Amino acid sequence: MVKIKDLPEEVLILIFSYLKLRERKIAARVSRQWNRLTFIDRPMRAVVLHVVDYLNQKERKILLKSNRCYRNLSLEWTEASSVPFLIEVIDKFGEELHSLKLSTYVITPPILVGFLLKAPNLRQLIVEGSVCNEDFVMALPAFKQIKALEMTQRGFESELCDVIPRMFPSLVSLDLVGAEDAAIDLIISYGKQLKYLHVLLEFSQFRRFSNLNCLAGLERMHVSWPQPSDFRQVFSVFEQMESIQSASLTGPVNEATFDLICSRWKNITSLCVNVQSLKAASFSNITAFRKLKILKLQGSIRDNNFLKDIQLPTVTHLILDGISTNNGFYNHMSTFVPNLWMLKIYDHTFENAQLRLITKTMTSLRVLSLDYCYQIKDEGFQLLNNLTNLLELRCWSISISENAFIRFPKCPNLRTFSVGGSGWVPYITNKTVLDIPTAFPNLRELQVVDCFKVEGDTIYTLQERMRKCAVVRLAKPDLDRELEAVWGWNDCDK
């Protein structure tokens with residue numbers, strides 16, 4: 001019988017390539033051979049190597065001697081004197097890179113070209129800072145392999161609208177923060193070849209963007225805009241987008257624009273829309289989306305009959321982001337999305353009465369996320385007993401008392417549970433956390449994150465009790481920043 005130690009190193013390297021970073025670190029402790037092989041040759045696809053310029057000399061030497069491979073690299077610096085070191089870093093890891101992020105105050109085209117020449121297989125470039133067009137004498141090469149470009153923090157000057165298309169002629173994905181009319185000029189340069197567009201508009205750009213006629217090939221789009229001065233303005237640019245499959249419109253949409261997209265976007269499968277300015281009669285046109293699977297609604301709704309007589313049988317994922325509505329809205333939820341199995345609610349006005357309506361009428365839910373629903377009290381959690389098919393539950397920044405889990409729902413199929421965010425609502429204590437194994441004996445994944453009152457010893461004890469759980473993430477809060485949601489659903493924001 002062949003033992004694992006007898007396998008060729010090429011086979012072991014292939015096996016290690018399927019492991020996550022945490023699993024690779026564990027495997028590296030088995031033997032010297034495994035320690036050498038776990039991070040060699042095969043790049044880690046989902047891990048980002050983040051390099052900053054304030055590393056000391058010892059740390060820099062260790063980094064440059066590493067035998068690990070990465071697909072994603074992030075470089076962050078503030079001083080121009082750090083550029084030579086960063087060039088060494090990208091020279092070390094550049095061959096395998098698919099994604100590169102550059103974070104600084106100002107970056108010039110010569111420095112940018114110097115980085116990109118070291119990464120011949122790069123597909124995505126993210127520039128977090130300003131690209132400054134200074135006088136330079138050099139021929140700009142064309143990086144045809146780069147397909148996606150993201151520029152943030154007012155990432156470029158108008159003079160660069162000629163430079164960027166020459167450097168990146170093959171872009172199909174463009175992500176921009178508005179910079180006067182320069183952003184629109186750049187969109188026009190790439191318009192006919194773009195498949196994905198993300199842009200944050202300002203007042204000065206609103207009318208010009210709405211009249212573009214070069215985006216017929218878009219498949220995915222995320223557009224944000226403020227309340228326009230003339231809210232009767234119709235986004236005629238949307239009329240040509242018959243190939244659109246995923247769209248996020250986070251600015252207020254008027255009825256004329258909504259009627260337009262309902263009549264033209266026949267292939268859309270994912271939609272995020274701000275419905276605050278829509279009436280029920282206009283919103284009912286959403287039934288024209290025959291392939292819609294993912295729907296995210298934003299904005300306040302006060303009409304009790306907003307969802308009445310509307311049915312979307314194809315929708316399986318629904319996100320309510322700050323809807324701030326009343327019980328009448330939830331009365332029609334089960335008929336609005338009869339085949340729903342994933343529901344996420346982000347609403348600080350959401351109460352027990354509304355949770356009762358959901359749990360009584362939507363018993364087929366498999367995934368439920370309650371984020372910042374401050375008004376839910378302990379007795380509200382008992383209503384979840386009706387959701388016998390529930391597989392995943394997330395409670396983020398909700399006031400959970402010390403004995404809450406003892407009275408918690410006995411969901412027999414629950415496999416994933418996430419709790420935390422008590423930096424906002426500091427009620428989760430040591431006892432609350434230690435009750436989790438008793439309340440949910442069949443868990444396979446547990447997330448306990450950002451709980452200020454939970455001590456380190458409690459986290460260790462819980463980890464010992466949850467040995468049968470495949471994934472356990474236990475983390476103390478970072479006091480300098482609010483942790484991002486660890487279980488969130490973000491497809492509409494991509």
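How are H8 and H9 oriented relative to each other, roughly parallel or roughly antiparallel? In this predicted model, helix H8, which spans residues 182-190, packs with helix H9, formed by residues 203-210, at an angle of about 25° and with the two axes 9 Å apart. Because angles under 35 degrees count as roughly parallel, H8 and H9 are therefore roughly parallel to each other. The contact between these helices brings Ala183, Ile184, Asp185 and Ile188 of H8 together with Gln205, Arg208 and Phe209 of H9. By character, the residues of this contact of H8 with H9 divide into four nonpolar, one polar and two charged.

The chain to which these helices belong contains 18 helices and 18 strands. Of its 494 residues, 50% are buried, while the area that the chain exposes amounts to about 23500 Å², with carbon and sulfur atoms supplying 49% of that area. When contacts between residues at least 6 apart in sequence are considered, 67% of them join residues that are at least 24 apart.

A single residue of one strand may be described in further detail. Ser224 is part of strand E8, which comprises residues 220-224, and Ser224 has a relative accessible area of 15%. Since buried means under 20% relative accessible area, Ser224 is therefore classed as buried. When residues up to four places away in sequence are not counted, Ser224 touches Val199, Leu200 and Leu201, together with Thr250 and Gly251.

How values were computed: Residues numbered from 1 in each chain as written. Predicted model: local features only at pLDDT ≥ 70, side-chain atom pairs only at ≥ 80, totals over all residues. Heavy atoms only, no water. Axes fitted to C-alpha atoms, helices over the stretch in contact; angles between N-to-C directions. Helix = DSSP H or I, 4+ residues; strand = E, 2+ residues; numbered from the N terminus. Parallel < 35°, antiparallel > 145°, perpendicular 65-115°, else oblique. Contact = heavy atoms within 4.5 Å. Nonpolar A, V, L, I, M, F, W, Y, C, P; charged D, E, K, R; others polar. Buried < 20%, exposed > 50% of the residue type's maximum accessible area, 1.4 Å probe, protein only. Areas by Shrake-Rupley, 256 points an atom, 1.4 Å probe, with all protein chains shown as cover.
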